[in-house]
Amino acid sequence: MKLKQKYRLKKTERYIRNMLLEEYFREMSEDPNSIWASLKISEQRKKFDDLGYILDHLKTVPKCLFKYRSCNANNFKALEDNSIWVSSAEQFMDPYDCRLPFSIKNLPKSKIKRLAKWFVFASYIYVNNEDNLSKDENSLTPEEVRNIFFAHCYNDDLVLNVKRTQKYIKKKYPIEQREKIVKKIVLFDQEISQRGRAQGLLDWYKAHCEEWCSSTIDLNRKARYVCSLTETNNNPKMWEEYADNYGGFCIRYDFTQGIRFDLLDVESSVYALKGLLPVFYTERRPKFNSYKFQFLQYHDTLFEIKNTSHDPDMATKLHLQTLMKNPKYSNEQEWRIVIGGEEPGLIWFPFATGIYMGKDISKENKERLMQIAKKNNLTVYQQKIGVASFEYEIVRLAEPREIISSKTIIVHNSALN
């Protein structure tokens, strides 16, 4: 990766980390039991902060970005509704897109042993959690499991230290409760020993971990929803692949015309604007700490933590991986919006200002696009075969009406330069 690209990557990494930290503190301030609860801010203040955050971020984004589209009812509807479609990364043709370089097979033996121990305790809590009605009175509670774990009653070979366990029980429980807790620990020990101890545990874990890694990679791709944009409306390959081989159209999104204040009422639109980032084309992905990633998964299960963004460094590394692509795609000059979610769908994104129709677009589709352009105040262009060069000519067909929404905050070009 060239020096300029490395600098840009570092700058993007810092931006992502700050963005994730802000979201984390907001989430924590909503929790009345959090130390950040006193910092809770009003919805109006959040909008004000988001607006400043977005305007500052848009200074780094090209003034215009484009999206190639085929002519079908869904794409026409999205354009008419000022929306963009986010798709799951698992549907992409490139099998490496949004794919984590996640594997623990080459980790040192000591780290794999530690992960195996964390897995055993975390999986017990996962099965016997407070919400699981199948838990019986002879099962250790999640809190008791954590106490045993951090009292070092078990070593990394999953062997019970009897003396340390006895000391823990005497310190933690009154005489009348000790017999019951001893019985629960004995049953717990019998259950976790089924996977083996020492080398047996290590062999068992190594035999299954790569399958789990592969499953995690697939789940991560499935949960990443992406909308791809590009810096150019003049890419022949993209016209061929993404716009019906010149029978489709290309949408221009302009970020210099203003930010609609009501856009900030839609959480997904705020995430889309704040998360609009460049793609980096590289032969090698950035370093990824597979041990820490796996450890945090077990840690969160052990402590029953549902907010997975509490580690901004790891969350940043995860997000960066979704921006990496093979150099063979570099001609696409891609920018993308990546958000988490449970299913694909539309995001309100009212920044379309123009439509470029392919040279081979049908009369019917051309008329439909003209109708949408008139309704949404879009400039319309037609692609024509050039006469004096090998470049396609762009002919303007229609101008937008001079209408400014009363809900638009006007941002002068100087604010984005």
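**Exercise 1.** In this predicted model, find the element that holds S123, and decide whether S123 is buried or exposed.

*Solution.* Step one: locate the residue. S123 sits in helix α4. Step two: look up its relative accessibility, which is 15%. Step three: apply the cut-off. Buried means under 20% relative accessible area, so S123 at 15% counts as buried.

**Exercise 2.** How many residues apart along the chain are S123 and Y298, and what separates their C-alpha atoms?

*Solution.* Start with the sequence: S123 and Y298 are 175 residues apart along the chain. Now turn to the 3D structure: their C-alpha atoms are separated by 8.1 Å.

**Exercise 3.** Place D97 in the fold, decide whether D97 is buried or exposed, and list its contacts beyond its sequence neighbours.

*Solution.* First, find the loop between β2 (83–88) and α4 (109–127); D97 belongs to it. Next, use the same kind of reasoning as for S123: D97 has a relative accessible area of 3%, so D97 is buried. Finally, set aside neighbours within four places in sequence. D97 then contacts A89, F92, R221, T322, K325 and R336.

**Exercise 4.** Describe the largest nonpolar core. Which helix gives the most to this core?

*Solution.* Begin with its size: the largest nonpolar core has 41 residues. Then see which helices build it: α4, α5, α6, α7, α8, α11 and α12 each supply at least two residues. Of these, α4 gives the most, with ten residues. Now pick one residue with many contacts inside the core, such as F102. Leaving out residues up to four places away in sequence, F102 touches several residues, including C213, I217, F288 and F293.

Methods: Residues are numbered from 1 along each chain as its sequence is written. This is a predicted model: local features need pLDDT of at least 70, side-chain atom pairs count only at pLDDT 80 or more; totals for chains, interfaces and linings use all residues. Side-chain values use heavy atoms; hydrogens and water are left out. Helices (H or I, at least four residues) and strands (E, at least two) are DSSP runs, numbered from the N terminus. Buried means under 20% relative accessible area, exposed over 50%, partly exposed in between (1.4 Å probe, protein chains only). Contact means heavy atoms within 4.5 Å. A nonpolar core is a set of buried Ala, Val, Leu, Ile, Met, Phe, Trp, Tyr and Cys residues joined through side-chain atoms within 4.5 Å.
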